[in-house]
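Biologist: I would like to be guided through this structure step by step. Please begin with the terms that the discussion will need.

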Amino acid sequence: MISLYKILGDVNLINTHAGLILAIAAGQLPFTIMLMSSFYDGIPRELEEAARVDGAGRFGTLFRVVVPLVKPGMLAVGIYAFLLSWDDYLHASTLIQTDSLRTLSAGVALRYLGELSYDWSLINTISIVGTIPMVIVFFFFQKYMIKGLVAGAVKG
């Protein structure tokens with residue numbers, strides 16, 4: 001976090017949403033690349049070679065053959081990356097100092113949790129309201145997440 005803070009400070013992205021987005025995206029890249037590599041490894045080379053023989057170029061092969069086969073994986077990895085970044089506390093509390101720019105988890109922790117007193121009803125209300133979008137996302141995309149992760153888990 002120290003080096004990330006220094007780099008974002010050098011380009012004046014501390015206390016901005018753009019800096020927070022870049023920091024979280026940089027943290028999510030290794031996770032998403034590792035998960036997506038299993039989906040791409042599961043595509044036989046013969047399909048790409050057949051597309052080339054049929055006259056498709058590199059981009060045609062990518063967008064007409066490969067992407068439709070890894071679409072469940074892309075959706076599953078995207079949803080999991082979104083779920084992990086939704087409640088990221090470390091980056092939000094370190095890189096954002098203004099109350100109006102803070103994310104939900106950092107805002108609740110830094111604003112409503114005091115040393116001597118807690119307003120538990122307000123904290124619980126904010127927490128429940130904050131989980132509703134995640135429950136909705138998970139409810140609608142659950143079948144794609146399970147389908148995508150199972151498809152990438154087995155090879156052959």
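Modeller: A salt bridge here is a side-chain nitrogen of Lys or Arg within 4 Å of a carboxyl oxygen of Asp or Glu. The model is predicted: local features need pLDDT of at least 70, side-chain atom pairs count only at pLDDT 80 or more, and totals for chains, interfaces and linings use all residues. Residues are numbered from 1 along each chain as its sequence is written, and side-chain values use heavy atoms, with hydrogens and water left out.

Biologist: How many helices does the protein have?

Modeller: Helices (H or I, at least four residues) and strands (E, at least two) are DSSP runs, numbered from the N terminus. The pattern along the sequence reads α-α-α-α-α-α-α. There are 0 strands, and the number of helices is 7.

Biologist: What is the radius of gyration of the protein?

Modeller: The radius is taken over C-alpha atoms, and the globule rule is 2.2 Å times the number of residues to the power 0.38. Along the principal axes, the C-alpha trace spans about 70 × 40 × 20 Å. For a compact globule of 156 residues the radius would be near 15 Å, but for the protein it is 21 Å.

Biologist: Which residue forms a salt bridge with Lys 6?

Modeller: Side chains of opposite charge can pair when their charged atoms come close. Lys 6 is exposed (over 50% relative accessible area, where buried means under 20% and partly exposed lies in between, with a 1.4 Å probe and protein chains only), its own value being 52%. Its partner is also in helix H1 (residues 2–10), 4 residues apart, about one turn of the helix, and is exposed at 54%. With the closest N and O atoms 3.2 Å apart, that partner is Asp 10.

Biologist: Which residues are linked with Asp 99 in a network of salt bridges?

Modeller: Asp 99 is partly exposed, with a relative accessible area of 45%, and lies in the loop between helix H5 (90–95) and helix H6 (104–111). One salt bridge of Asp 99 has an N to O distance of 2.3 Å, and another has its closest N and O atoms 3.2 Å apart. The latter partner belongs to helix H6, so the pair ties together parts that are 12 residues apart in sequence. The residues in the network with Asp 99 are Arg 102 and Arg 111.

Biologist: Is Arg 111 buried or exposed?

Modeller: The relative accessibility of Arg 111 is 56%. Because of this value, Arg 111 counts as exposed.
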